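Visitor: I would like to learn how to read the features of a folded chain, one at a time, with a general idea followed by a case. Could we begin with how the surroundings of a side chain are described?

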Amino acid sequence: MGMIGGSLEAFIGAVHRRGAALDGEVELVCGAFSSNPEKSKATGEALYLPSERVYGSFEEMILTEKNLPEGERMDFVSIVTPNHVHFPAAKFALENGFHVVMDKPITLTTEEAKELAIIIEKSGLLFALTHNYTAYPMVKEARQIIKSGAIGQVRKVIVEYPQGWLSQLVEASGQKQAAWRTDPARSGAAGGVGDIGTHAENLAEYITGLKITELCADLTIFVEGRQLDDDANILLRFDNGAKGVLHNSQICNGEENDLNIRVYGEFGGLKWRQMDPNTLVLTNQENGSRIIRTGVGNLSPHAQAHTRQPAGHPEGYIETFASIYRNFAYALRARWGAENKAGATGGLGKGTGIDGYDPEIYDFPGVEEGLRGMGFISTVIKSATSEEKWTKFEI
């Protein structure tokens, strides 16, 4: 893996590196960690990379790595920059033959996302988007429970993502993470909706298997002097007739990262919270609630494939990134095995091929989820600035 962004000052870059390294399937071999060459160099030194594999720009890294011998050059690139760099970096990597893993949202604008989707399709290369919350074992289990029909047709979806870290104008103090996330030039047209609202939207669609068709949005900037939304309240309509409520906020003073979802169907319901990720509650009006725990009982193969620890040991945030990187590595190895069966040694994650690889079990978000995320952002903004009650979800 090569990395674009993720300097020592960055938050998410370190998370990606830890996740990618966890299962021993991915090795960081090079990076252009900052648009500032000195910061990039300092990060490379701290990560014990050879100086000749630390670059001053992503263009330099991609072109130099491309000319290295096969087996020595990077196999894919991880892009962990602010949003405005996502499109140019991914485009350049794909057009030069490198697979891509990228932090969400997929691009700065919907137009860029559509263009990137075309580039990905033409390239035939693998692309992953790190909507990491879908990789928790109990999220996988919830998806399979709904898919099995155990709670019947979904009727109601309530998904929330409250944070409190932007309750004050911290971007004015030079706080780096706040500064770019509240800057339209680097974050895009939305603030909290793009940053965490897309996670809530993605989680709701992933668990239920449904698609949002219409929404009615109310956006607010509560903190004086801020340029982008810090609070959103959105009514949802889904393609099966279900109704929903999505709330995301970064001014809920005292909140941490309480992403949570409740899904109610004809015969039962499901509840899950990111801050208690090992627990899934299956509700039922007649028989009462049942607590389902990670690593306990007869769970689906999908949940089992994303469970690393014995029961009672929390599967956490880093592990969700690890699962996406591992699954991406499996997909890449499976491709190599298909292209060169003579070189395949078999066994998950071994050699250049994988026996028993199931992309439905070892799944990861991709360009479709990226397009829907950008469609969600643009539709929310359109709805919030319209006099119409409902706005059709469009990409």
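Guide: A residue counts as buried under 20% relative accessible area, as exposed over 50%, and as partly exposed in between. Please keep in mind that this is a predicted model. With those cut-offs, Arg273 is partly exposed because its relative accessible area is 39%, whereas Asp258, at 11%, counts as buried.

Visitor: Which residue forms a salt bridge with Arg273, and how far apart are the closest N and O atoms?

Guide: A salt bridge is a side-chain nitrogen of Lys or Arg within 4 Å of a carboxyl oxygen of Asp or Glu. Arg273 forms one with Asp258, and the closest N and O atoms are 2.9 Å apart. Arg273 belongs to strand E11 (residues 269-273), while Asp258 sits in the loop between strand E9 (243-249) and strand E10 (260-265), and the two are 15 residues apart. Salt bridges with shared partners also join Glu9, Lys39 and Lys176 into one network.

Visitor: How many salt bridges does a search of the whole structure find?

Guide: The search finds 18. One of them joins Arg333 to Glu25, with 3.0 Å between the closest N and O atoms. This pair links distant parts of the chain, since Arg333 is in helix H11 (residues 317-339) and Glu25 is in the loop between helix H1 (12-21) and strand E2 (30-32), 308 residues away. Both Arg333 and Glu25 are buried.

Visitor: What about the salt bridge of Glu360 and Lys147: which parts does the pair tie together?

Guide: The side chains of Glu360 and Lys147 meet at 3.2 Å, N to O. Glu360 lies in the loop between H11 and helix H12 (367-384) and Lys147 in helix H6 (residues 137-148), so this salt bridge connects parts that are 213 residues apart in sequence. Glu360 is partly exposed, with a relative accessible area of 33%, and Lys147, at 53%, is exposed.

Visitor: Turning to sheets, in what order do the nine strands of the open sheet stand?

Guide: An open sheet is read from one edge to the other, and here the order is E13-E12-E11-E10-E6-E9-E8-E7-E14, with mixed pairing. E13 and strand E14 (391-392) each have a single partner strand, so one side of each is left without a neighbour in the sheet. Within this sheet, strand E6 (residues 154-162) and E9 run parallel and are joined by seven bridges, and Glu160 stands opposite His247 in E9. Strand E12 (residues 279-283) and strand E13 (residues 290-293), by contrast, pair in the antiparallel sense over four bridges, with Leu280 having Ile292 as its bridge partner in E13. E12 and E13 form a hairpin with six residues between them, and Gly288 in the turn has a positive phi of about 80 degrees.

Visitor: Which helices lie across these strands, and at what angles do they run?

Guide: H6 lies across E6, E10, E11, E12 and E13, and runs at about 25 degrees to E12. Helix H9 (residues 192-208) lies across E6, strand E7 (212-220), strand E8 (231-238), E9, E10 and E11, at about 150 degrees to E9.

Visitor: And what is the pairing in the open sheet of five strands?

Guide: Its pairing is parallel, and the strand order is E2-E1-E3-E4-E5. E2 and strand E5 (127-129) stand at the edges with a single partner strand each, so one side of each has no neighbour in the sheet. Neighbouring strands of this sheet are turned by 15 degrees against each other on average, direction ignored. Strand E1 (residues 2-4) and strand E3 (residues 76-79) run parallel, joined by three bridges, and Met3 stands opposite Ser78 in E3.

Visitor: How should I read the packing of two helices, and at what angle do H3 and H4 pack?

Guide: One looks at the angle, the distance between the axes and the residues that meet. Helix H3 (residues 58-66) and helix H4 (residues 86-95) pack at about 10 degrees with their axes 10 Å apart. Angles under 35 degrees count as roughly parallel, which means that H3 is roughly parallel to H4. Phe58, Glu59, Ile62 and Leu63 in H3 meet Pro88, Ala89, Phe92 and Ala93 in H4, and the residues of this contact divide into seven nonpolar, no polar and one charged.

Notes
Residues are numbered from 1 along each chain as its sequence is written. This is a predicted model: local features need pLDDT of at least 70, side-chain atom pairs count only at pLDDT 80 or more; totals for chains, interfaces and linings use all residues. Side-chain values use heavy atoms; hydrogens and water are left out. Axes are lines fitted to C-alpha atoms, for helices over the stretch in contact, and angles run from 0 to 180 degrees between N-to-C directions. Angles under 35 degrees count as roughly parallel, over 145 as roughly antiparallel, 65 to 115 as roughly perpendicular and the rest as oblique. Contact means heavy atoms within 4.5 Å. Ala, Val, Leu, Ile, Met, Phe, Trp, Tyr, Cys and Pro count as nonpolar, Asp, Glu, Lys and Arg as charged, and the others, Gly among them, as polar. Buried means under 20% relative accessible area, exposed over 50%, partly exposed in between (1.4 Å probe, protein chains only). Two strands pair if DSSP finds at least two bridges between them.
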